[in-house]
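Work through the exercises below with the sequence and the model side by side, and try each task before reading its solution.

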Amino acid sequence: GMTIDQIPMEWLFGPGVLVDLSDEMDELGMYTPKMIEDRVEVRNGDLLFLHTGWHKHGEFGKDPDEEKYIHRHPGAHPDMVPWLLKKKIHIWGVDCISTDHPMNLPIGRFLGKGMHNHCERVRKQAEEKFGGPEAVAALFPDTAYQLTHNALFPKNCIHIENLGGRIDAKELQNQRLLLGCFPWKFKGGEAAFCRAVAFTGEWKP
């Protein structure tokens with residue numbers, strides 16, 4: 001996919017939606033296109049910010065819990081990938097440490113295995129949540145490892161992780177807004193800090 005300096009400026013600011021999914025998200029939860037579209041109209045080419053409520057467990061959140069934030073956050077259902085591409089969304093973000101579900105990340109597959117037992121604990125909880133080992137294997141196959149990274153970046157669908165700040169502001173929830181993402185620009189950069197912003201009002205190009 002594109003490096004930071006290659007992202008077109010017009011992708012980084014414009015019309016979009018901030019979707020409040022916090023009422024449906026729990027440990028190892030999954031967000032789906034239906035959850036999003038049940039709450040707000042998403043148009044082709046929108047910027048998309050997802051509020052799961054998980055930012056509150058980050059280091060500077062209202063209810064900090066490092067293990068919960070890093071190991072047991074919600075993540076994208078596999079249906080998100082074709083939906084994001086169909087909607088021609090280039091920039092989307094979430095208030096979790098990753099857009100991918102923990103079971104599609106090292107923590108759900110091998111991190112801490114045989115040492116701190118992080119992987120075993122997360123996998124056990126996932127099996128209890130989704131209906132056993134076979135259900136987990138079907139929902140999170142090996143081919144889905146880092147799904148939203150590997151399937152979307154080559155299609156120039158780029159994400160923001162660790163959103164926070166006032167993402168839970170009442171006036172922003174389930175609204176069409178003006179959204180922006182302004183990363184630190186440097187040549188060849190694979191990732192960067194950014195300032196993510198939301199403004200109420202209508203887009204008037």
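**Exercise 1. The second largest pocket**

Task: Find how many residues line the second largest pocket and which of them lie nearest its centre.

Solution: Begin with the lining, which consists of 19 residues, and then look towards the centre, where His-55, Gly-58, Glu-59, Phe-60 and Gly-61 lie nearest. A pocket is here an open set of points on a 1 Å grid over the protein atoms alone, where a 1.4 Å probe fits and protein lies on both sides within 12 Å along at least five of seven lines, and lining residues have an atom within 4 Å of a point. Next take the volume, about 370 Å³, which is the space filled by probe spheres set on the points, with grid points joined across faces, edges and corners. Finally sort the lining by residue class, which gives 6 nonpolar, 7 polar and 6 charged residues; Ala, Val, Leu, Ile, Met, Phe, Trp, Tyr, Cys and Pro count as nonpolar, Asp, Glu, Lys and Arg as charged, and the others, Gly among them, as polar.

The model is a predicted one, in which local features need pLDDT of at least 70 and side-chain atom pairs count only at pLDDT 80 or more, while totals for chains, interfaces and linings use all residues. Residues are numbered from 1 along each chain as its sequence is written, and side-chain values use heavy atoms, with hydrogens and water left out.

**Exercise 2. The order of the sheet**

Task: Determine in what order the 6 strands of the open sheet lie, and why one side of S6 and of S8 is left without a neighbour.

Solution: Reading across the sheet, the order is S6-S5-S3-S1-S7-S8, with mixed pairing. Strand S6 (158-160) and strand S8 (194-199) stand at the edges, and because each has a single partner strand, one side of each lacks a neighbour in the sheet. Neighbouring strands are turned by 30° against each other on average, direction ignored, where the axes are lines fitted to C-alpha atoms, for helices over the stretch in contact, and angles run from 0 to 180 degrees between N-to-C directions. The strands (E, at least two residues) and helices (H or I, at least four) are DSSP runs numbered from the N terminus, and two strands pair if DSSP finds at least two bridges between them.

Now follow the pairs one by one:

- S5 (residues 91-94) runs parallel to S6 and is joined to it by 3 bridges, with His-159 in S6 as the bridge partner of Trp-92.
- S3 and S5 run parallel with 3 bridges, and Leu-48 has Trp-92 in S5 as its bridge partner.
- S1 (residues 13-20) is antiparallel to S7, with 6 bridges, and Gly-14 stands opposite Leu-179 in S7.
- S7 and S8 are antiparallel, also with 6 bridges, and Phe-182 is partnered by Arg-195 in S8.

**Exercise 3. The faces of S3**

Task: Decide whether the residues on the two faces of S3 are buried or exposed.

Solution: In a regular strand the side chains alternate between the two faces of the sheet. For S3, one side carries Leu-47, Phe-49 and His-51 and the other Leu-48 and Leu-50, and all of these are buried. Buried means under 20% relative accessible area, exposed over 50%, and partly exposed in between (1.4 Å probe, protein chains only). S3 is joined to S1 by 5 bridges in a parallel pairing, in which Val-17 stands opposite Leu-48.

**Exercise 4. The largest pocket**

Task: Identify which strand gives the most residues to the lining of the largest pocket.

Solution: The largest pocket holds about 1,000 Å³ of space. Of its 36 lining residues, Ile-160, Glu-161, Leu-163, Cys-181 and Cys-194 are the closest to the centre. The elements giving two or more residues to this lining are S6, strand S7 (175-183) and S8, and S8 gives the most, with 4 residues. By class, the lining of the largest pocket divides into 23 nonpolar, 9 polar and 4 charged residues.

**Exercise 5. Leu-28**

Task: Establish what is noted about the phi of Leu-28.

Solution: Leu-28 lies in the loop between S1 and strand S2 (30-31). Its phi is positive, about 65°, although Leu-28 is not a glycine. With a relative accessible area of 0%, Leu-28 is buried.
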